[in-house]
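Biologist: I would like to learn how to read a ligand site in a model. Please start with a single contact and work outward.

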Amino acid sequence: MNSTEQPTSFLDYQEFFFDAIVIGAGGAGMRAALALQQDGHQVAMVSKVFPTRSHTVAAQGGINAALANVSDDQWQWHMYDTIKGSDYLGDQDAIEFMCQEASHIVRELEHFGVPFSRLENGKIYQRAFGGQSQNYGESQAKRTCAAADRTGHAILHSLYQQNIAAGTEMFDEHFALDLIQDEQDRVCGVLIQDLQNSKLKVIWAQHTLLATGGAGQIFRTNSNASINTGDGLGMAQRIGVPLQDMEFWQFHPTGVAGKGMLISEATRGEGGILRNAENEPFMIKYAPKVKELASRDVVARAIAIEVEEGRGCGANKDYVLLDLTHLPTDVIENRLPGIRDICLTFLGLDPIDKPIPVFPTCHYMMGGIPTNINGQVIQPDIAIDKNLHGTTIEPQKTISGLYAIGECACVSVHGANRLGGNSLLDIVVFGRQAARHISAQLQQNSIPFSRPQQHTLSHLLERYQRWLTAEPETANTQDNVNAIKQAMQKTMEQGCSVFRDHTRMQQTVDALQAIEERFAKVSIADQSQIFNFERTSALELENLLSVAKATACSALARTESRGAHTRIDHNERDDQDWLKHSLYYPQQDTVLYKPVNMQPKQHAPFIPQKRVY
Ligand SMILES: Cc1cc2nc3c(=O)[nH]c(=O)nc-3n(C[C@H](O)[C@H](O)[C@H](O)COP(=O)(O)OP(=O)(O)OC[C@H]3O[C@@H](n4cnc5c(N)ncnc54)[C@H](O)[C@@H]3O)c2cc1C
């Protein structure tokens, strides 16, 4: 790395040169940075928070791999379950690749130091999660490898230690503002801000990898960290990248009622039962075979229906109960200690004695920045067929120098609904794969990278400059960033949560338009330079608004029910017209489509079937 001061007309910034930039230090970013650094490349890893505060740290239940330590298992069964769970919208080539890699990547994590829970025989402990089966749907499998109920914490800390050992250069508490392109539209760097003192920096590199995580903050009730604001998606959209499958948001069935924080699926994997106000274990009505272990979209809908039909618990009849009281105390103490902590801290109850009040909470973004298996960002041509029904594979145009991995990316292995335990797997598998691809490129082209003569930096600085002036003449000083964020979260919850229909979604699209107009006029009052949270929130809100808009517009356009997208006015899945990925193009404000990949490389393709649980 070397750096220089570079004055501009109105803003100064410092320059840095690296082989590759990784934006994000969650599980995806850390795995990628580690692989690149170990291959001898110079990597800058940027994170707006201290790396081990990334949302991966909150992952509870575990990571899937067909290790067959507890029940007989094969990667092919894992592949079948993932495709079925995705409601057939997942790309079968990518799913096949992920499931094949799973056992190896989990053993690799073990060697990095992840303290997995153990069986008596010393092998990695595996628990049952929803949608897992043996022999293509026959009986329940136990596939989720866990470190008690703090698996993400264990993985993230081990990867952090490995990165420290490898010497990865970290830009902690630095906020990435925008991607920089050269005159050939290649991504050649990123503009970042040091949050500690507001200084601007530019990192130049041949390859930039987005690993910025999810955007659950578009909804009021969610299980996500407050930093999950879709910044990578906003940055990608601003350079014209469409977002894929944004109508598909997972509502986790068991969030703490009224608060949203997560009660892991591991509780049901260990034997927890969902009950309504009549004490009835109601899942038997919705999924007679697997009951509580149906996939998440099915369980979330079942809870919402129980409440809507008046069988909810409490004074307002607005939640159901997750009952663990019949489980042996040592299971709760040893396998679910984090869940017990959450209940004691936020609800003042001990799940050993009392059931937990739960209701669906926004949890995970299935859509994101479209990529291929190597993590390269793809930008299908805008002239793509608007009513595409076929299943042939289009040649995919990639954006030179830009990659995306982890929750911000849509590769797409989760399709319309993600299975529990598959995201931690996705982030490490594709983190490593993207790094391998970048490494190969860097090795082939060993000429040191230099800053391009022509690039987009000056207009990015102009965009940012807006937040450096308090109350410009045009600004509405009565309004503020936080009020606008709350308005966005409210309208998203009204129009785009578990159940959707045309009227409510249209109202949300219209409301977002008005909210965008408010945002265009707002200014910030705080002009301090030390950890200016108001300015950071404004920058995050701009990204959140673009994610919310992509979500509402894609959801309104899809006139069927599939996976997590449940429309009461179109309640059937429609493979004839809708077995295709959505692509929301922000500049054109339009949704186009591309086919689902139904051509795995080794296994025979899985033909869409009705999902029965
Ligand atoms: C409560 C909870 C429990 C979960 N449990 C499980 C589970 O048991 N199993 C499972 O498979 N999945 C689980 N998931 C999902 C899974 O944890 C996430 O999808 C995954 O960890 C995301 O990893 P990531 O690396 O893509 O992003 P993250 O871990 O969210 O990291 C994002 C990174 O990007 C950085 N960043 C973002 N924007 C900027 C910016 N503008 N500038 C600089 N840096 C930026 C952040 O600082 C952070 O370092 C859970 C999710 C939640 C919320």
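Modeller: Take a polar contact, a pair of N or O atoms within 3.5 Å. Here an oxygen atom of the ligand is 3.4 Å from a polar backbone atom of Ala211. This is a predicted model, where local features need pLDDT of at least 70, side-chain atom pairs count only at pLDDT 80 or more, and totals for chains, interfaces and linings use all residues. Residues are numbered from 1 along each chain as its sequence is written, and side-chain values use heavy atoms, with hydrogens and water left out.

Biologist: How much of the ligand does the protein bury?

Modeller: Accessible areas come from the Shrake-Rupley method with a 1.4 Å probe. The protein buries 98% of the 1,000 Å² that the ligand exposes when taken alone.

Biologist: Which element gives the most to the shell around the ligand?

Modeller: Helices (H or I, at least four residues) and strands (E, at least two) are DSSP runs, numbered from the N terminus. Helix 11 gives the most, four residues. The ligand has 38 residues around it, each with a heavy atom within 4 Å. Ser54, His55, Thr56, Glu407 and Ser423 come nearest.

Biologist: Where is Tyr136, and what is notable about its phi?

Modeller: Tyr136 is in the loop between strand 7 (133-134) and strand 8 (139-140). Its phi is near 55°, a positive value in a residue other than glycine.

Biologist: Is Tyr136 buried, exposed or partly exposed?

Modeller: Buried means under 20% relative accessible area, exposed over 50%, and partly exposed in between (1.4 Å probe, protein chains only). Tyr136 counts as partly exposed because its relative accessibility is 32%.

Notes:
Polar contact = N/O pair within 3.5 Å; in protein donor to acceptor, adjacent residues only side chain to side chain.
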